[in-house]
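Visitor: I have a model open and would like to go through it piece by piece. Can you walk me round?

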Amino acid sequence: ASEDPTLPEALAAAGVTFIGPAGGPMRALGDKIGSTIIAQSANVPTVPWSGEGLSLAPEATAKECCNIPADLYARATCETVENTKRQAERIGFPVMIKASEGGGGKGIRRVEKVEEIESAFRQVQGECPGSPIFLMQVAQQARHLEVQLLADMYGNAIALSGRDCSVQRRHQKIIEEGPVLATSKSTWVEMMAAAVRLAKKVKYENAGTVEYLFSPAEKKFAFL
């Protein structure tokens, strides 16, 4: 229930303070497609994906950021197998076909060539019925790094520290280590600053985590 945006909304309506993010930011950032569009709008780096280059207007308010226009959202999705094939060829293989509402290892398939797309697309659909589907390029040899945040109701946000969550099995974390040692100090400062920008973009409140993919070879990070 703590990850269901209807809980803080119901509590707020009853005059009860929820120790956690408000419903709007929770809903917006809990959606993989929407959160990546918001990240791009906050100048947070992303990997090539089906919604590459899409962003909200610079003057968009936090409320508007939490309610992405349907037409903008639709442009980031892969509604059909044929559309997915076109996007995959544009992005470059290998790619991940992902359900926006997936998680815990469900609704995600790696595809190496165009002939594998239809089967993988149907599998993702079956695991997350009704979920929008999108595509992202596979980040080769990447580490999974996270930044912890605290934010208040007045628009302030700070980054505390982070974790390296790269030890995984079937796309699920097994071990989380801290502090993060995989990046240079300057890159880690950039990652924390980007996480703060994202939190402020939607007026996030309380504790939160921003997840990244980091390429040791290229020394670059991207929003996950």
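Guide: We can start with a pair of residues in a sheet, bearing in mind that this is a predicted model. V147 stands opposite V210 in β7.

Visitor: Which strands are joined there, and by how many bridges?

Guide: Strand β4, residues 143-151, and strand β7, residues 206-215, are joined by nine bridges and run antiparallel.

Visitor: What is the strand order in that sheet?

Guide: The order is β6-β5-β4-β7-β8, an open sheet of five strands with antiparallel pairing. At the edges are β6 (172-177) and β8 (220-223), each of which pairs on one side only. From one strand to the next the twist averages 40°.

Visitor: Which helix packs on it?

Guide: Helix α8, residues 185-201, packs on the sheet and touches β4, β5 (157-169), β7 and β8. The direction of α8 makes about 50° with that of β4.

Visitor: Back to β7. How many bridges join it to β8?

Guide: Four bridges join β7 to β8, and the two strands run antiparallel. Within that pairing, L213 has A222 in β8 as its bridge partner.

Visitor: And what about the turn of that hairpin, how many residues lie between the strands?

Guide: There are four residues between the strands of the β7 and β8 hairpin. K219 lies in this loop, and its phi is near 55°, a positive value in a residue other than glycine.

Visitor: Is K219 buried or exposed?

Guide: K219 has a relative accessible area of 60%, so it counts as exposed.

Visitor: Which residue in β7 has a positive phi although it is not a glycine?

Guide: That is N206, with a positive phi of about 75°; N206 lies in strand β7. Its relative accessibility is 29%, so N206 counts as partly exposed.

Visitor: Now T183. Where is its place?

Guide: T183 sits in the loop between β6 and α8.

Visitor: Buried or exposed?

Guide: T183 is buried: the cut-off is under 20% relative accessible area, and T183 has 13%.

Visitor: What is T183 in contact with, leaving aside its neighbours within four places in sequence?

Guide: With those set aside, T183 is in contact with L145, W188, M191 and F214.

Visitor: Which peptide bond is cis around P179?

Guide: The bond joining G178 and P179 is cis, with omega about 0°. P179 is in the loop between β6 and α8.

Visitor: And which residue does a cis bond link to P94?

Guide: F93: the peptide bond from F93 to P94 is cis, and omega is near -5°. P94 lies in the loop between α6 and β1.

Visitor: OK, that brings us to β1. What is the strand order in the open sheet of three strands?

Guide: The order there is β2-β1-β3, with antiparallel pairing. The edge strands, each pairing on one side only, are β2 (106-111) and β3 (133-137). Here the twist averages 25° from one strand to the next.

Visitor: How many bridges are there between β1 and β3?

Guide: Five bridges, with strand β1 (residues 95-103) and β3 paired in the antiparallel sense. For M96, the bridge partner in β3 is M136.

Visitor: Which helix lies across β1 and β3?

Guide: Helix α6, residues 81-91, lies across β1 and β3 and runs at about 15° to β3. Helix α7, residues 117-127, packs on the sheet too, touching β1, β2 and β3, and its direction makes about 170° with that of β2.

Visitor: New topic, cavities. How many of 30 Å³ or more does a search of the whole structure find?

Guide: The search finds one cavity of 30 Å³ or more. The largest cavity has a volume of about 80 Å³.

Visitor: Which residues line the largest cavity?

Guide: Its lining is made up of T36, T46, V47, W49, K98, F134, M136, F223 and L224. By type, the lining of the largest cavity divides into six nonpolar residues, two polar and one charged. M136 we have met already, as the bridge partner of M96.

Visitor: Last one, helix α2. Which of its residues are buried?

Guide: In α2, residues 23-30, the buried residues are G23, P25, M26 and A28.

Visitor: And what covers the buried residues of α2?

Guide: The cover includes α1 (6-13), α3 (32-41) and α4 (62-65).

Key:
Residues are numbered from 1 along each chain as its sequence is written. This is a predicted model: local features need pLDDT of at least 70, side-chain atom pairs count only at pLDDT 80 or more; totals for chains, interfaces and linings use all residues. Side-chain values use heavy atoms; hydrogens and water are left out. Buried means under 20% relative accessible area, exposed over 50%, partly exposed in between (1.4 Å probe, protein chains only). Contact means heavy atoms within 4.5 Å. On a 1 Å grid over the protein atoms alone, a cavity is a set of points where a 1.4 Å probe fits but cannot get out, and a pocket is an open set with protein on both sides within 12 Å along at least five of seven lines; lining residues have an atom within 4 Å of a point. Grid points are joined across faces, edges and corners, and a volume is the space filled by probe spheres set on the points. Ala, Val, Leu, Ile, Met, Phe, Trp, Tyr, Cys and Pro count as nonpolar, Asp, Glu, Lys and Arg as charged, and the others, Gly among them, as polar. Two strands pair if DSSP finds at least two bridges between them. Axes are lines fitted to C-alpha atoms, for helices over the stretch in contact, and angles run from 0 to 180 degrees between N-to-C directions.
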